[in-house]
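The exercises below are meant to be worked with the sequence and the coordinates side by side. Each task is followed by a solution that goes step by step.

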Amino acid sequence: MNENEGMLSIDGLNCPLPINLSSFITLAHGGGGKLTHQLIEKLFRPAFNNSELETQHDGAVFDIPSERLAFTTDSYVVRPLIFPGGNIGSLAVNGTVNDLAMCGARPLYLTAAFILEEGLPMEILWTIVQSMKTAADHAGVKIITGDTKVVDKGKGDGIFINTSGVGVIEHSLKIHPKSIQPGDVVLISGDIGRHGIAIMAAREGLGFQNQIESDCAAVSNLVQSLFDADIEIHCMRDLTRGGLATALIEMAQTSRVSINITELEIPVREDVKGACEILGLDPLYVANEGRFVVLVKAEDAARTLELLQKDELGNQARIIGTVKEVPQETVILKTKVGTSRMLDMLSGEQLPRIC
Amino acid sequence: MKYVDEYRNSREADLFANAIRQSTTQSWTLMEICGGQTHSIAKYSLQDLLPKEISLLHGPGCPVCVTPISLIDKAVHIAAQPDVIFCSFGDMLRVPGSREDLLTVKSKGGDLRIVYSPMDALKIAQDNPQKEVVFFAIGFETTAPANAMAIYKAKLDDIKNISFLVSQVIVPPAIRTILDSPENRVQGFLAAGHVCTVMGYREYEPISKDYRIPIVVTGFEPLDILQGIYLCVKQLEEGRAEVENQYSRSVLKEGNLSAQKIIQEVFQIVPRQWRGIGEIAQSGLGLREAYARFDAENKFSCEIHSQERSSECISGLILQGIKKPNECQAFGKSCTPEFPLGATMVSTEGACAAYYRYQSVQS
Amino acid sequence: MRTGQVSFGGILKEVNLAYVPEAKVDNYVIVHVGFAISVLNEEEAHRVFDTLNQLNALDNPDGDLP
């Protein structure tokens, strides 16, 4: 059923911008008057079409089929707005859906708040909103309330989006760094580094002749398949800014364990490796938007790997390491030449190196 | 990637490590002279594969680290001018000047662009005729052909709105300075493979002879470095002092002649300040008279009194191989990559930052 | 000035070939800040492994690298 909805929404991508909308965002679109109304009626409501939104109320009223909930919020400010493999809209939906999934929740509802810069082409807003719908349908979530503001030209970067999300927890697992145990096995859901390189290539004008597409995707269905199989998950973390290394270090510090990983087992696509060589970057620290690590009880590791690899999104999944008791609060990488070193958190963004 | 992956291999690294162990009968202190090698040694914890007798020192081979503070201050001053687009390699942005770094200029609204090649700066100049474009032309001999070509092209195409803030340095005079120091501990050098790809290695022969010291031209991958160390140790153990070429897949004895020709055309040998070390005679490249109008220091005159922020920092001693990063009191305490006191903590090719970021589990 | 497409593990980037007039299609080149500075000598590239084979043969007269 979900799949069919996904198909329909892809058709939706092709539906043209309503002709009776102005071609650029103006301050009046945020003024609360006729143009604001028009923007909501012609652009947002048809795209996010659902019964909760139809009530045209100040907020959304809904029933929740669970006592345990997860609630999260995130703001999206990516530049460029549209990049190979996605745009700020798909990112804003997938990012928040993934945060809910990492809490062990089944994502249900999102909010969407837009800060638009005067002069933003309506065509771009349209594309972004359509991608949000596609992404939401794919992840099985509804966007049920929202907000729009317009700022003066020069006071924004085209468009900023904030999404908050609510999900339900339908199992008794405590998914948290504190649940990590020595002996746990660390798995990664796929190859790393694509989103960061895609963005950097598009932003810095690196002159790559071919594109690397962002891995931007919702991992909630993949995570759900692990719950459905009763895998004993101890912790999960999506690999966003700071990459795999940062996510593991954060977990090791909170849980006061040692996470040991093997460089050779970490999947990195050849073209991403090539781009990293050119730029002097370490893929372990490059951002992702559709990858996560999951730490499971050792007995469940093989089954977890099988489940992940069965899904197209997880077909590059690997077991990359194990958890040990000491040295506490460290992540130790076994390098390709067989030596070991500790991974450290980055200070700020990675900058391309000269040699 | 072919010709990269096979040089990062544990089985072969072990074989070299064994060979080094078997050849070593006493303590030896070696220095690698290239920031790329320092980076690899730290990233792959290569020291852990070596016997205790072999000690590696990390030379002044990071172009970002040795760029003098006065020039960083000039860069900061120029980049903050309205109507200037300041172009730089990425890792120069965080290098601390007397008061601020280039990244701070950017956050205050300066138009700062990270470029991958100096030719990108030329294109930016052509695309923005109403702006003054300045490129921070730093580097060793490896980068000199690219910088020289950009300057040569600027003159050829008569591009008027570009200039270059030049801090080109050359390796051999720095090696002599290290060896001349009464505190010198270095007994063998790994010379920089890409520097020698451009310049060849003839100029290292008199150094090796004068100081009776082995010099092995070495690549950057783990296996290259291990082989370079092996060759160097073998020479030391056998009492030889020669120039050897480990990186023969890229380096010819005479180097790259067409690159040398353009370097000659655009640059002349000048004295140059090295951050942490001081002035070294004939250790830099400066623009020839015919290219003087592309000199950013002429175009933007500025009086700046530069001063290092910290007296605690011993990066000069580290760059000369007299001290190791972890022998510095400030290392990892008041000096971290977030708040670097000296340039060697800034770039990951700098010895301090490499030590900080890539901590071996054994040490 | 001669330029060419260089593939870095599949990523294609235009590289300045002014300093490698001898470079031909399918050669491997060493690239630094947008310029090819040498054509990789593939025969020499294997030398590091030849040295290893010799070292290994000295260590284990009966064995060879698999």
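**Exercise 1. Classify His171(A) as buried, partly exposed or exposed, and describe its surroundings.**

Solution. The model is a predicted one, and the classification rests on a count of neighbouring C-beta atoms. A residue is buried with 20 or more other C-beta atoms within 10 Å of its own and exposed with 12 or fewer; because His171(A) has 15 other C-beta atoms within 10 Å, it is partly exposed. The next step is to place the residue in the fold: His171(A) lies in the loop that runs between strand S6 (159–168) and strand S7 (185–188) of chain A. Once neighbours within four places in sequence are left aside, the contacts of His171(A) are with Gly104(A) and Phe227(A). Thr96(A), which is 75 residues apart from His171(A) along the chain, has its C-alpha atom 20 Å from that of His171(A).

**Exercise 2. Determine how helix H8 (171–180) and helix H10 (204–211) of chain B are oriented, and which residues make their contact.**

Solution. The two axes come within 10 Å of each other and cross at roughly 10°. Since angles under 35 degrees count as roughly parallel, H8(B) and H10(B) are therefore roughly parallel to each other. On the side of H8(B) the contact is made by Pro172(B), Ile175(B), Arg176(B) and Leu179(B), and on the side of H10(B) by Tyr204(B), Ile207(B) and Tyr211(B). Sorted by class, the residues of this contact are six nonpolar, no polar and one charged.

**Exercise 3. Describe the division of chain B into domains and the contact between domain 1 and domain 3 of chain B.**

Solution. The assignment divides chain B into domain 1 (5–59 + 171–243), domain 2 (64–170 + 255–299) and domain 3 (315–357). Taken over C-alpha atoms, the centres of domain 1 and domain 3 of chain B are 21 Å apart. Their contact takes 14 residues from domain 1 of chain B and 10 residues from domain 3 of chain B. On the domain 1 side, the elements that give two or more residues are H2 and strand S2 (54–58) of chain B, and the largest share, five residues, comes from H2(B). The residues on that side divide into five nonpolar, seven polar and two charged.

**Exercise 4. Analyse the contact of chain B with chain A, including the strands that pair across it.**

Solution. This contact draws 36 residues from chain B and 22 residues from chain A. Two or more residues of the chain B side come from each of helix H1 (10–23), helix H2 (35–43), helix H3 (63–66) and strand S12 (359–360), with H1(B) giving the most, three residues. By class, the chain B side holds 15 nonpolar, 13 polar and eight charged residues. The last step is the pairing: strand S13 (340–342) of chain A and S12(B) pair in the antiparallel sense over two bridges, and Met342(A) stands opposite Gln359(B) in S12(B).

**Exercise 5. Which elements of chain C supply its side of the contact with chain A?**

Solution. Begin with the extent of the contact, in which 10 residues of chain C meet 13 residues of chain A. Strand S1 (3–8) and strand S2 (11–16) of chain C each supply at least two residues of the chain C side, and S2(C) gives the most, with four residues. The chain C side divides into four nonpolar, four polar and two charged residues.

Notes. Residues numbered from 1 in each chain as written. Chains lettered and ligands numbered in written order. Predicted model: local features only at pLDDT ≥ 70, side-chain atom pairs only at ≥ 80, totals over all residues. Contact = placed C-beta atoms within 7 Å. Nonpolar A, V, L, I, M, F, W, Y, C, P; charged D, E, K, R; others polar. Pairing = 2+ DSSP bridges. Domains from an automatic or database assignment. Axes fitted to C-alpha atoms, helices over the stretch in contact; angles between N-to-C directions. Parallel < 35°, antiparallel > 145°, perpendicular 65-115°, else oblique.
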